[in-house]
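Thanks for coming, everyone. I would like to walk through one structure this morning, going from a helix to its surroundings and then to the chain as a whole.

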Amino acid sequence: MPESSGGRGVRGVKSASRTVALLELLAARGDRPARLDELAEELDVPRSSMYQLLQTLIDCGWVRSDTTGSLYGIGIRALFTGTSYLDSDPHVRLVRPYLDQASDALGETIHLARLDGPDVVYLATRESHEYLRTISRVGRRIPAHAGALGKALLAERPDTELPLPEDPLPALTENTHTTRATLLTDLAEVRARGHSVDREETVPGIAGFGFALRYDSPATDAISCSVPVARLSESHEARVIAVMRETRTKIENAFPSTSGAPDWR
């Protein structure tokens with residue numbers, strides 16, 4: 001039977017919903033492949049139905065399995081779709097050169113991310129000249145309450161409309177907000193100063209400074225700069241904030257009010 005798909009007046013298709021849930025589950029596991037029984041149990045699907053769905057998706061390239069046929073992971077078709085999303089998005093295309101400029105000016109890691117429910121998803125990253133990650137952040141998601149990018153975007157919304165889970169909020173470090181009360185206090189400070197600050201709330205040893213991009217209302221995209229706390233002097237912090245504030249202004253001024261592109265929702 002079809003399932004309800006929210007308040008849009010359209011009923012969802014059960015098999016399509018199950019397929020999407022499976023792909024999202026495999027994607028969220030990253031480098032941890034899953035066994036058939038794990039997937040069937042997690043999604044509450046009969047084992048035989050899950051096996052048939054997996055084989056169909058393997059044939060289409062959306063799922064892959066190991067040589068024994070007992071482990072499953074996300075397939076290469078997901079990369080094609082994700083790359084197409086980034087390449088076709090006018091916001092990402094416009095912002096990328098400004099990320100390069102900020103990275104060159106500061107020598108630090110610069111991010112662009114988008115709010116997606118209770119999380120933010122990385123859309124682009126320019127790595128620091130001083131330290132390089134071996135794994136790309138693009139496409140990865142973190143809880144919005146746990147870092148500079150997410151807090152910058154949450155602060156653009158009324159406290160009564162924040163897309164947050166129930167307390168306790170999940171913690172990434174010992175400094176992450178785990179209650180709505182402490183987060184709301186922080187968001188009030190974000191609104192007052194005009195940018196967010198993350199002091200080892202996402203990654204130990206890393207501070208972040210986030211700036212919402214207000215070419216949409218409420219803002220759905222934000223940029224940030226990440227800096228190791230070991231070299232975050234008072235003067236460097238002031239420079240980071242000044243450069244990132246200027247970068248935000250340049251981006252917002254560069255984005256046309258009517259670009260002719262679809263208004264994606």
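The buried residues of helix α8 are His 236, Glu 237, Val 240, Ile 241, Val 243, Met 244, Thr 247, Arg 248 and Ile 251, and I should say at once that we are looking at a predicted model. What covers these buried residues includes helix α5 together with the strands β6, β9, β10 and β11. As for the length of α8, its 21 residues should span 30 Å at 1.5 Å a residue, and its end C-alpha atoms are indeed 30 Å apart, which agrees.

Let me turn to the sheet, which is an open one, with six strands in the order β8-β7-β6-β11-β10-β9 and antiparallel pairing. Its edge strands are β8, residues 141-143, and β9, residues 196-199, each of which pairs on one side only. From one strand to the next, the twist averages 30°. Helix α8, which runs over residues 234-254, packs on this sheet and touches β6, β9, β10 and β11, while its direction makes about 25° with that of β10. Within the sheet, β10, residues 206-213, and β11, residues 221-228, pair in the antiparallel sense over eight bridges, and if you want one pair to look at on the screen, the bridge partner of Phe 211 is Ile 223 in β11.

Next comes helix α7, residues 180-193, whose 14 residues reach 20 Å from the first C-alpha to the last, close to the 20 Å expected at 1.5 Å a residue. Which residues of α7 are buried? They are Leu 183, Asp 186, Leu 187 and Val 190, and, seen down the axis of α7, the buried residues fall within an arc of 105°, so they line one face of the helix. The general background is that an α-helix has 3.6 residues a turn, so residues three or four places apart point the same way. On the other side of α7, Ala 181 and Ala 192 are exposed, whereas the cover over its buried residues includes α6, residues 148-154, and strand β9. After α7 comes Gly 194, with a positive phi near 95°.

Two single residues deserve a moment, and I will begin with Ser 103, which is found in helix α5, residues 90-106. Is Ser 103 buried or exposed? Ser 103 has a relative accessible area of 4%, and because the cut-off for buried is under 20%, Ser 103 counts as buried. Leaving aside neighbours within four places in sequence, Ser 103 is in contact with Glu 108, Ile 110, Arg 126, Glu 127 and His 129.

The other residue is Ile 74, in strand β5, residues 71-74, and this one is partly exposed, with a relative accessible area of 23%. With neighbours within four places in sequence again left out, Ile 74 is in contact with Leu 23, Leu 26, Ala 27, Trp 62, Val 63 and Arg 64. The C-alpha atoms of Ile 74 and Leu 25 are separated by 9.0 Å, although these two residues are 49 residues apart along the chain.

Finally, the chain as a whole: it has eight helices and 11 strands, and of its 265 residues 42% count as buried. Among contacts between residues at least 6 apart in sequence, 53% join residues at least 24 apart. The protein chain exposes about 14,600 Å², of which carbon and sulfur atoms supply 53%.

Notes: Residues numbered from 1 in each chain as written. Predicted model: local features only at pLDDT ≥ 70, side-chain atom pairs only at ≥ 80, totals over all residues. Heavy atoms only, no water. Pairing = 2+ DSSP bridges. Helix = DSSP H or I, 4+ residues; strand = E, 2+ residues; numbered from the N terminus. Axes fitted to C-alpha atoms, helices over the stretch in contact; angles between N-to-C directions. Contact = heavy atoms within 4.5 Å. Expected span 1.5 Å × (residues − 1). Buried < 20%, exposed > 50% of the residue type's maximum accessible area, 1.4 Å probe, protein only. Arc of directions from axis to C-beta. Areas by Shrake-Rupley, 256 points an atom, 1.4 Å probe, with all protein chains shown as cover.
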